[in-house]
Amino acid sequence: MRPVECAACGNRVLCEKFSPAHTSVQWSGPSADACPVIRARVAAGEPAGRVRSCGELRGSIDAAVASGALEVTGADLP
């Protein structure tokens with residue numbers, strides 16, 4: 001897993017890309033505490049367990065892949 005920093009809020013997560021569609025994200029703590037977008041969605045009543053990411057972080061992950069900072073490994077998963 002490689003660190004990726006969200007360009008919008010500066011939060012840092014660990015990511016691994018297995019394919020263009022499959023991304024594994026590991027938060028260092030509760031995502032609602034770390035991400036202002038997720039925090040706002042939870043405050044609006046959405047269950048925290050159902051909010052796993054935000055568009056800003058997704059864009060930062062895509063940018064890391066495009067720049068070569070995060071590689072798509074193509075690992076086989078069970």
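Colleague: How are the three strands of the open sheet ordered?

Modeller: This is a predicted model, so keep that in mind throughout. The sheet is open, and its pairing is antiparallel. Its three strands line up as S1-S2-S3.

Colleague: And which strands sit at the edges?

Modeller: Look for strands that pair on one side only. That description fits residues 2–5 and residues 23–26. So by the rule that two strands pair if at least two bridges are found between them, the edge strands here are S1 and S3.

Colleague: By what angle are neighbouring strands of this sheet turned against each other on average?

Modeller: Direction is ignored for this one. Taken as an average over neighbouring strands of the sheet, the turn is 40°.

Colleague: Over how many bridges do S2 and S3 pair?

Modeller: S2 covers residues 12–17, and it runs antiparallel to S3. One of the bridge partnerships links Lys-17 with Thr-23 in S3. The count for the S2 and S3 pairing is four bridges.

Colleague: Staying with Thr-23, is it buried or exposed?

Modeller: Thr-23 belongs to strand S3. Its relative accessible area is 17%, and the cut-off for burial is under 20%. Therefore Thr-23 counts as buried.

Colleague: With which side chains does the Thr-23 side chain make polar contacts?

Modeller: Setting aside neighbours within four places in sequence, Thr-23 is in contact with Glu-16, Lys-17, Arg-58 and Ile-61. One polar contact of its side chain, at 2.7 Å, goes to the side chain of Lys-17. Another, at 3.4 Å, goes to the side chain of Arg-58. That gives you Lys-17 and Arg-58.

Colleague: Now the cysteines: how many disulfides does the structure hold?

Modeller: A disulfide is a covalent bond between the sulfur atoms of two cysteines. For Cys-9, the closest cysteine sulfur is in Cys-6, and at 4.0 Å that is too far for a bond. Cys-15 is in no disulfide either, with the nearest cysteine sulfur, again that of Cys-6, 10 Å away. The structure's total is zero.

Colleague: What is the relative accessibility of Cys-15?

Modeller: Cys-15 counts as buried, because the cut-off is under 20% and its value meets that. The figure is 1%.

Colleague: How far apart are the C-alpha atoms of Cys-9 and Pro-36?

Modeller: Cys-9 lies in the loop between S1 and S2, and it is partly exposed at 33% relative accessible area. Not counting residues up to four places away in sequence, Cys-9 touches Ala-34 and Pro-36. Cys-9 and Pro-36 are 27 residues apart along the chain, yet their C-alpha atoms are separated by 7.5 Å.

Colleague: Zooming out, which pattern does the protein follow along the sequence?

Modeller: The protein has three helices and three strands. Reading along the sequence, you get β-β-β-α-α-α.

Colleague: What radius of gyration does the protein have?

Modeller: The C-alpha atoms fill a box of roughly 35 × 30 × 20 Å along the principal axes. For 78 residues, a compact globule would come out near 12 Å, and the protein agrees with that. Its own radius of gyration is 13 Å.

Colleague: Last one: what share of the contacts with a separation of 6 or more comes from residues 24 or more positions apart?

Modeller: As background, 27% of the 78 residues are buried. Among contacts with a separation of 6 or more, the share from residues 24 or more positions apart is 44%.

Technical notes. Residues numbered from 1 in each chain as written. Predicted model: local features only at pLDDT ≥ 70, side-chain atom pairs only at ≥ 80, totals over all residues. Heavy atoms only, no water. Helix = DSSP H or I, 4+ residues; strand = E, 2+ residues; numbered from the N terminus. Axes fitted to C-alpha atoms, helices over the stretch in contact; angles between N-to-C directions. Buried < 20%, exposed > 50% of the residue type's maximum accessible area, 1.4 Å probe, protein only. Contact = heavy atoms within 4.5 Å. Polar contact = N/O pair within 3.5 Å; in protein donor to acceptor, adjacent residues only side chain to side chain. Disulfide = S-S within 2.5 Å. Rg over C-alpha atoms; globule rule 2.2 N^0.38 Å.
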